[in-house]
Amino acid sequence: MAYLKAYTITLEVDGAERVFNLDNTLPTIDDWATAVKTAILLVKMSDHSAGVDLLSCKEYVPLGLDNIEYFYPLPLVIQ
């Protein structure tokens, strides 16, 4: 079982498709739902009034990393 997961999230932002590639090494991402929330947050940070719809979310193990049994998540640091 691989602990590293990556997510390709496709959002429709004000009528245009945007793709986000995220993985669970980010402190805010634990699963597909938090990956989608993070992608939406990234959009809203740049334009808080943007209309955002979820089109798709694909979860996968990154190539070459499927044999890693454990990783240390990055700490959340706010400056």
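How many residues lie between strand 1 and strand 2 in their hairpin, and which residue in the turn has a positive phi? Keep that in mind while you get your bearings; the tour comes back to it shortly.

**The whole chain**

You're looking at a predicted model. Colour it by secondary structure and you should find one helix and three strands. Going along the sequence, the order is β-β-α-β. Now colour by relative accessibility: of the 79 residues in the chain, 28% are buried.

**Strand 1 and the hairpin**

Select residues 6-13, which is strand 1. Seven of the eight residues here are buried, so this strand is mostly covered, given that buried means under 20% relative accessible area. While you have a strand on screen, remember that side chains in a regular strand alternate between the two faces of the sheet.

Add residues 16-23 for strand 2. Strand 1 and strand 2 run antiparallel, with eight bridges joining them. For one of the rungs, pick Glu-12 and look across to strand 2, where its bridge partner is Glu-17.

Here's the answer to the opening question: the hairpin has two residues between its strands, and the turn residue with the positive phi is Asp-14, at about 50°. Zoom in on Asp-14 in the loop between strand 1 and strand 2. If you're checking backbone torsions, note that this positive phi belongs to a residue other than glycine. Is Asp-14 buried or exposed? It counts as exposed, because its relative accessibility is 52% and the cut-off is over 50%.

**The other side of strand 1**

Next, select residues 52-60, strand 3. Strand 3 also pairs with strand 1 in the antiparallel sense, and here too there are eight bridges. Val-13 is a handy place to start, since it stands opposite Val-52 of strand 3.

Move to Thr-10, also in strand 1. Thr-10 counts as buried because its relative accessible area is 12%. Draw a C-alpha to C-alpha distance from Thr-10 to Leu-55: you should get 5.4 Å, though the two are 45 residues apart in sequence.

**Before strand 1**

Step back to Leu-4, in the segment ahead of strand 1. With 9% relative accessibility, Leu-4 is buried. Try another C-alpha to C-alpha distance, this time to Asp-23: the separation is 7.4 Å in space and 19 residues in sequence.

**The helix and its patch**

Now select residues 32-46, helix 1, and show Met-45 as sticks. Why does Met-45 count as exposed? Because its relative accessibility is 62%. Add Leu-41 and Leu-42 to the selection and turn on the surface: together with Met-45 they form a nonpolar patch, with about 320 Å² of accessible area between the three.

**Rings**

Last stop: show Lys-58 and Tyr-60. The charged end of Lys-58 sits over the Tyr-60 ring, 5.3 Å from the ring centre. How many aromatic pairs does the structure hold? Zero, so there's no need to hunt for them, as a pair would need ring centres within 6.5 Å.

Note on methods:
Residues are numbered from 1 along each chain as its sequence is written. This is a predicted model: local features need pLDDT of at least 70, side-chain atom pairs count only at pLDDT 80 or more; totals for chains, interfaces and linings use all residues. Side-chain values use heavy atoms; hydrogens and water are left out. Patches are made of residues with over 30% relative accessible area and no salt bridge: like charges are joined within 9 Å, nonpolar side chains (Val, Leu, Ile, Met, Phe, Trp, Tyr) within 5 Å. Accessible areas come from the Shrake-Rupley method with a 1.4 Å probe; for residues, only the protein chains shown count as cover. A salt bridge is a side-chain nitrogen of Lys or Arg within 4 Å of a carboxyl oxygen of Asp or Glu. Helices (H or I, at least four residues) and strands (E, at least two) are DSSP runs, numbered from the N terminus. Buried means under 20% relative accessible area, exposed over 50%, partly exposed in between (1.4 Å probe, protein chains only). Rings of Phe, Tyr and Trp (its six-membered ring) pair if their centres lie within 6.5 Å; planes under 30 degrees apart count as stacked, over 60 as edge-to-face and the rest as tilted. A charge sits over a ring if NZ of Lys or CZ of Arg is within 6 Å of the ring centre and within 35 degrees of the ring normal. Two strands pair if DSSP finds at least two bridges between them.
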